[in-house]
Amino acid sequence: MNFENEIDLSKAVLQKIIFPDQINVNVFVKRLDLIHPYINGNKWFKLKYNLQYAKENNYKTILTFGGAFSNHIHATSAAGKIFGFETIGIIRGEEHLPLNPTLSFASKNGMKFFYVSRSDYRKKDSDEYKNNLKKKFGHVLIIPEGGSNLLAIKGASEIPNLIENDFDYLVTACGTAGTLSGLIVGLQNRKQLLGISVLKGAAFLNNNVKNFTYEFSKSSFSNWKIIFDYHFGGYAKINYDLISFIKQIEKLNDIILDPVYTGKMLFGVYDLAKKNYFEKNKNIICLHTGGIQGIDGMKQKMLLMQNLLYNI
Ligand SMILES: *Cc1c(COP(=O)(O)O)cnc(C)c1O
């Protein structure tokens, strides 16, 4: 099967963004969220060469890792269903029933879950842990958390080729910084790259980028920077300012951002522009890396908390 046939890259339009207040740069969003209903955003690019590798090496099963709201788990389960692989998800934390929307979707796609404690989950990249997984599950292709491996970097390195307009900055939200690393090796010292970290205290992301880019291309790059000021308290943490910004952007542009990744990224770009971080009239392209599926889970979690607080 040709994996690319399922994906419609022509849907990834470049959309000029209108902000609540005027700023002195032009900001565009590259709509990678629109290329497929389930396997979209950066997760498609990170998966595609992994899927090809799985097929070429006769893997019938793909095993990967994620939290209970993971976009990568969601996309991998859909890819498994569509392209004919069994999928196994090693999920951080305890099982909560009923399944949240992310895991319920993944389960319908046939993904089998194994829940592991947070301390075990931290060991997931060690050889010992992976060898145990292979003993338990046999010939399975193990893809790391968030999909970030060198095949993912290769896929993400192709994203800049899709951008037909000239630009000065390319921006993405960073979880593992695998996507940012791919963009850096794809652009080969052209343009400036910015990553907005969605994690708190994530200085290790700088090392991730250095390691990924060096391993991939055996050279180092300096045209990139990760900004650590827009995590809003940590991964999947939100506040009123963030949600109100996301709602304003939605109204002005008819574009949905998620509060975990792309909302924080665009908030960061807007705030940086207001603080004159960019030179006047620069063209800034922000990737819409997908993640819309996570919104339902976030809503469900908030409703549960509301019930807990007020309806006991
Ligand atoms: C996974 C994800 C990211 C982070 O990608 P990394 O390569 O791990 O940095 C960004 N945005 C969305 C919507 C994601 O799902």
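# Sheets, helices and a ligand shell

Q: At about what angle does helix α10 run to β10?
A: This is a predicted model, so take what follows as a prediction. Helix α10 covers residues 262–274 and lies across β2, β7, β8, β9 and β10. Its angle to β10 is about 165°.

Q: Which strands stand at the edges of the six-stranded sheet, and why is one side of each left without a neighbour?
A: Let's walk along the open sheet: the order is β1-β2-β10-β7-β8-β9, with mixed pairing. A strand at the edge has a single partner strand, so one of its sides is left without a neighbour in the sheet. The two strands in that spot are β1 (14–16) and β9 (224–227).

Q: How many bridges pair β2 with β10, and in which sense?
A: Strands of a sheet pair through backbone hydrogen bonds, and the sense is either parallel or antiparallel. Here we look at residues 26–30 of β2 and residues 283–287 of β10. For a landmark, find K30, which stands opposite L287 in β10. The pairing runs over five bridges, and its sense is parallel.

Q: What is the order of the strands in the four-stranded sheet?
A: Start with the edges of this open sheet: β5 (112–116) and β6 (140–143) each pair on one side only. Next, β3 and β6 pair in the parallel sense over four bridges, with T61 having V140 in β6 as its bridge partner. Put together, the order is β5-β4-β3-β6.

Q: By how many degrees are neighbouring strands of the four-stranded sheet turned against each other on average?
A: Ignore direction here and just compare neighbours. In the six-stranded sheet, neighbouring strands are turned by 25° on average. For the four-stranded sheet, the average is 20°.

Q: Which helix lies across β3, β4 and β6?
A: Look for residues 71–83. The helix they form runs at about 165° to β3. That helix is α2.

Q: Which element gives the most residues to the shell around the ligand?
A: In total, 15 residues surround the ligand, and the closest are K43, K46, N71, T176 and T179. α1 (41–56), β7 and α7 (178–187) each supply at least two residues of that shell. With three residues, the top contributor is α1.

Q: How many residues of the shell around the ligand are polar?
A: Sort the shell into groups and you get four nonpolar residues and two charged ones, alongside the polar group. The polar count is nine.

Q: How far from an oxygen atom of the ligand does a polar side-chain atom of T179 lie?
A: Let's collect a few contacts. N42 has a polar side-chain atom 3.0 Å from a ligand oxygen atom, while G178 has a backbone N or O atom 3.4 Å from one. For the polar side-chain atom of T179, the distance is 2.6 Å.

Q: What share of the ligand's accessible area does the protein cover?
A: On its own, the ligand has 390 Å² of accessible area. The share that the protein covers is 98%.

Q: Which residue does a cis peptide bond join to L97?
A: Most peptide bonds are trans. Here, though, omega is about -5°. The partner of L97 sits in the loop between β4 (86–92) and α3 (101–108), and its name is P98.

Q: What value is phi of N58 near?
A: Most residues other than glycine have a negative phi. N58, in the loop between α1 and β3 (61–66), has a positive one although it isn't glycine. Its phi is near 55°.

Note on methods
Residues are numbered from 1 along each chain as its sequence is written. This is a predicted model: local features need pLDDT of at least 70, side-chain atom pairs count only at pLDDT 80 or more; totals for chains, interfaces and linings use all residues. Side-chain values use heavy atoms; hydrogens and water are left out. Two strands pair if DSSP finds at least two bridges between them. Axes are lines fitted to C-alpha atoms, for helices over the stretch in contact, and angles run from 0 to 180 degrees between N-to-C directions. Contact means heavy atoms within 4.5 Å. A residue is near a molecule or strand if one of its heavy atoms lies within 4 Å of it. A polar contact is a pair of N or O atoms within 3.5 Å; within protein, one must be able to donate a hydrogen and the other to accept it, and residues adjacent in sequence count only if both atoms are side-chain atoms. Accessible areas come from the Shrake-Rupley method with a 1.4 Å probe; for residues, only the protein chains shown count as cover. Ala, Val, Leu, Ile, Met, Phe, Trp, Tyr, Cys and Pro count as nonpolar, Asp, Glu, Lys and Arg as charged, and the others, Gly among them, as polar.
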